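The exercises below are to be worked through with the sequence and the coordinates at hand. Each task is followed by a solution that goes step by step.

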Amino acid sequence: MWYVSTRGMAPRIDFEEALFSGYAPDGGLYMPEELPQLGRETLHEWSTLSYPSLVKELCSLFIGPELIPRDDLNGTSGDTGSAAIESVQGAKNVDIIVLLPKGHCTKIQELQMTTVLRENVHVFGVEGNSDELDEPIKTVFADVAFVKKHNLMSLNSINWSRVLVQIAHHFFAYFRCAPSLDMHPLPPVEVVVPTGAAGNLAAGCIAQKMGLPIHLVVAVNSNDIIHRTVQWGDFSLSKAVKPTLASAMDIQVPYNMERIFWLLSGSDSQVIRTLMEQFERTKSVSLPKELHSKLSEAVTSQSVSDEAITQTMGRCWQENQYLLCPHSAVAVSCHYQQVDRQQPSPPRCCLAPASAAKFPEAVRAARLTLDTPAEILALEHKEARCTPMRKGDDWTRMLRDTIEDLSQQWQRRFLNLPA
């Protein structure tokens, strides 16, 4: 399996190279050169698997047996920063650098990152939003020599491996919701995807292309660039990011839409390169008519207000005694709208990305009460460590200097040199 850049100007690479990377050198994102096509027999076999076993089977199609241990694969879910820190804190051979948008995530989310005081964890608090902090990361990864010298990789959905594992979410959802796999043709299932950067949506589009009969509904908050793109082909920034209760989705530059555009354009990297370079220059693009038509066929969309989020959280608690996080509520709001219209629809699954315990402000806004876990309450009393990245600072230089310094520390350790 080879991987190519969506912009077509970078050499193709194998999975290991795609794993230990971020953006491609030409500014694009890596995608499989070809997608496996799955038949009814494979779907039948996979439908009986546990989630970990399903992930193994899926990954083996994209990675190859020589690179994946078939008996030891673990997946994690949750907020990217804290989950990534949890997975590598204290590791001897890995340093992790996390950029968190100060004031744009909840206090609990910040504490989950800033209270980890291990030597290999380095957290920066950025005076900017998620889109703004992505810029220095993209700049650093554009320097191919620097990336190779320091063995850099990205752990968010810039990295293909993150999207790969998310593909399994859609297969697992389908197998749990489809009434029968003995029907001809296979019955459709609707999957509602709450999203910001569109990684899980890209995963769903890939699953569709592989032969999974799902209908995708993308659900966003008031930062509605994806909704406008699906509805009208209007891929353009609003004047500013709007703070919402679903803060992890407060994103104006959903970079994984580039993967979706590439997929639906028939892997036309020239079209995608022109489109995305124009977007980077002008912050506004109208999709070509044919591409917009294919996007509208693959995906429908809705934008959900904060008021609808809190109403949905309240209704779900009242009807099911289940406390939704605000991001999950964005998806479930779409479900309730369909239910209230009493229109016939296929079975529906709403993807739920996080725990409500991380979002007490949204729970209070919904006039609900939260039984906060003891480990969350304990965060308030822990020492925190966070390096500020202030407006006016050269964030790219700060990031590069940190990486250089860590590499020098590694070299001293390896050679047993004095500090």
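**Exercise 1: a nonpolar surface patch**

Identify the residues that form a nonpolar patch on the surface of this predicted model, and place Leu-155 within the fold.

Solution. The patch consists of Phe-20, Met-153 and Leu-155, which together have about 270 Å² of accessible area. Leu-155 belongs to the loop that runs between α7 (144–150) and α8 (160–177). Its relative accessible area is 43%, so Leu-155 is classed as partly exposed.

**Exercise 2: cysteines and disulfides**

Determine how many disulfides the model contains, and examine the surroundings of Cys-205 and Cys-349.

Solution. With a cut-off of 2.5 Å between cysteine sulfur atoms, the count is zero disulfides. For Cys-205 the nearest cysteine sulfur is that of Cys-334, 16 Å away, and Cys-205 is accordingly in no disulfide. Cys-205 is buried, at 1% relative accessibility. Cys-349 is likewise in no disulfide, the nearest cysteine sulfur being that of Cys-177 at 4.6 Å. Cys-349 also counts as buried, with a relative accessible area of 15%.

**Exercise 3: salt bridges and the parts they join**

Find the salt bridges of Glu-33, Glu-190 and Arg-315, and state for each pair where the partners lie in the chain.

Solution. The whole structure holds 16 salt bridges.

- Step 1. Glu-33 pairs with Arg-12 at 3.0 Å, N to O. Because Glu-33 is in the loop between β2 (30–32) and α2 (40–46) while Arg-12 is in the loop between β1 (3–5) and α1 (15–19), the pair ties together parts that are 21 residues apart in sequence. Glu-33 is partly exposed at 36% relative accessibility, and Arg-12 is partly exposed at 43%.
- Step 2. Glu-190 meets Arg-348, with the closest N and O atoms 2.5 Å apart. This pair links distant parts of the chain, 158 residues apart, since Glu-190 is in strand β5 (residues 189–194) and Arg-348 in strand β10 (residues 348–350). Glu-190 is buried, with a relative accessible area of 13%, and Arg-348 is buried with 18%.
- Step 3. Arg-315 and Glu-319 form a salt bridge of 3.0 Å, N to O. Both are in helix α14 (residues 306–320), four residues apart, and so are separated by about one helical turn.

**Exercise 4: confidence**

What is the average pLDDT of the chain, and which residues have a pLDDT below 50?

Solution. The chain averages a pLDDT of 90, and 95% of the residues score at least 70. Residues 69–78 have a pLDDT below 50, and this stretch has twelve contacts in the model beyond near neighbours in sequence.

Note on methods:
Residues are numbered from 1 along each chain as its sequence is written. This is a predicted model: local features need pLDDT of at least 70, side-chain atom pairs count only at pLDDT 80 or more; totals for chains, interfaces and linings use all residues. Side-chain values use heavy atoms; hydrogens and water are left out. Patches are made of residues with over 30% relative accessible area and no salt bridge: like charges are joined within 9 Å, nonpolar side chains (Val, Leu, Ile, Met, Phe, Trp, Tyr) within 5 Å. Accessible areas come from the Shrake-Rupley method with a 1.4 Å probe; for residues, only the protein chains shown count as cover. A salt bridge is a side-chain nitrogen of Lys or Arg within 4 Å of a carboxyl oxygen of Asp or Glu. Helices (H or I, at least four residues) and strands (E, at least two) are DSSP runs, numbered from the N terminus. Buried means under 20% relative accessible area, exposed over 50%, partly exposed in between (1.4 Å probe, protein chains only). pLDDT is the predictor's confidence in each residue, from 0 to 100. Contact means heavy atoms within 4.5 Å.
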